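Good morning, and thank you for making time on the agenda. I would like to take the group through one structure, beginning with its overall layout and then turning to particular residues.

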Amino acid sequence: MARPYPPVAVVEHLGGRLILEADAADRYAAAFDKLTEVALDPARSAEMIGQAAAKLAGSRSAQPTDELAGQGVAA
């Protein structure tokens, strides 16, 4: 049985929301499927985030780095 409605993709961004149907939505579904395929499992993701946080915490100085200061981010 055919679906009553075409596939839909909702893309939220800083300027609002974009709603795509049919072929355009299929491209987003394919991209999502690929990301799901290559993503780490939750435990490995948490481990990787913890390692990155520990590395960042060990490399912080009293002053923000030039890179972070230029982006308006406090270290």
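I shall go through the fold, the hairpin, the core, the surface and the salt bridges, in that order.

Please keep in mind throughout that what is displayed is a predicted model.

Let me begin with the fold. The protein has 75 residues, and 7% of them are buried. Its secondary structure consists of three helices and two strands, arranged along the sequence in the pattern β-β-α-α-α. Consider next the contacts between residues at least 6 apart in sequence: of these, 0% join residues at least 24 apart. The protein exposes about 6700 Å², and carbon and sulfur atoms supply 60% of that area.

I turn now to the two strands. Strand β1 covers residues 8–13, and strand β2 covers residues 16–21. They pair in the antiparallel sense over six bridges, and together they form a hairpin with two residues between them. Two pairs of facing residues help to fix the register. His 13 stands opposite Gly 16 in β2, and Ala 9 stands opposite Leu 20, which is also in β2.

Val 10 offers a further view of the hairpin. This residue belongs to strand β1. If residues up to four places away in sequence are set aside, Val 10 touches Arg 17, Leu 18 and Ile 19. Between the C-alpha atoms of Val 10 and Glu 21 the separation is 8.9 Å, with the two residues 11 apart along the chain.

Which residues make up the largest nonpolar core? There are five: Ala 9, Val 11, Leu 20, Ala 24 and Ala 25. Two elements give two or more residues each to this core, namely β1 and α1, the latter spanning residues 23–38. Ala 25 illustrates how these parts meet. Apart from its neighbours within four places in sequence, Ala 25 is in contact with Pro 7, Val 8, Ala 9 and Leu 20. Two of those partners, Ala 9 and Leu 20, are themselves members of the core, and they are also the pair that stand opposite each other in the hairpin.

The hairpin contributes to the surface as well. Val 8, Val 10 and Ile 19 form a nonpolar patch there, with about 280 Å² of accessible area together. Val 8 therefore appears in two settings: as a member of this patch, and as a contact of Ala 25.

Between the hairpin and the helices there is one backbone feature to point out. Ala 22 lies in the loop between β2 and α1. Its phi is near 55 degrees, a positive value in a residue other than glycine. As a general matter, most residues other than glycine have a negative phi. Ala 22 counts as partly exposed, at 32% relative accessibility.

I come finally to the charged side chains. How many salt bridges does a search of the whole structure find? The search finds three. In general terms, side chains of opposite charge can pair when their charged atoms come close.

One of the three joins Glu 12 and Arg 17, at 3.6 Å from N to O. Glu 12 is exposed, with a relative accessible area of 59%, and Arg 17 is likewise exposed, at 58%. Arg 17 has already been mentioned as a residue that Val 10 touches.

Another salt bridge is found in helix α1. Here Lys 34 pairs with Glu 37, and their closest N and O atoms are 3.3 Å apart. The two residues are separated by about one helical turn, because they are three residues apart in α1. Lys 34 is partly exposed, with a relative accessible area of 45%, whereas Glu 37 counts as exposed at 58%.

The remaining salt bridge is between Glu 47 and Arg 44, with an N to O distance of 3.5 Å. Both residues lie in helix α2, residues 42–59, and they too are three residues apart, about one turn of the helix. Glu 47 is partly exposed at 43% relative accessibility, and Arg 44 is also partly exposed, at 31%.

To summarise, the predicted model shows an antiparallel pairing of β1 and β2, a five-residue nonpolar core to which β1 and α1 each give two or more residues, and three salt bridges. Thank you for your attention; I would be glad to return to any of these residues in discussion.

Conventions. Residues are numbered from 1 along each chain as its sequence is written. This is a predicted model: local features need pLDDT of at least 70, side-chain atom pairs count only at pLDDT 80 or more; totals for chains, interfaces and linings use all residues. Side-chain values use heavy atoms; hydrogens and water are left out. A nonpolar core is a set of buried Ala, Val, Leu, Ile, Met, Phe, Trp, Tyr and Cys residues joined through side-chain atoms within 4.5 Å. Buried means under 20% relative accessible area, exposed over 50%, partly exposed in between (1.4 Å probe, protein chains only). Helices (H or I, at least four residues) and strands (E, at least two) are DSSP runs, numbered from the N terminus. Contact means heavy atoms within 4.5 Å. A salt bridge is a side-chain nitrogen of Lys or Arg within 4 Å of a carboxyl oxygen of Asp or Glu. Accessible areas come from the Shrake-Rupley method with a 1.4 Å probe; for residues, only the protein chains shown count as cover. Patches are made of residues with over 30% relative accessible area and no salt bridge: like charges are joined within 9 Å, nonpolar side chains (Val, Leu, Ile, Met, Phe, Trp, Tyr) within 5 Å. Two strands pair if DSSP finds at least two bridges between them.
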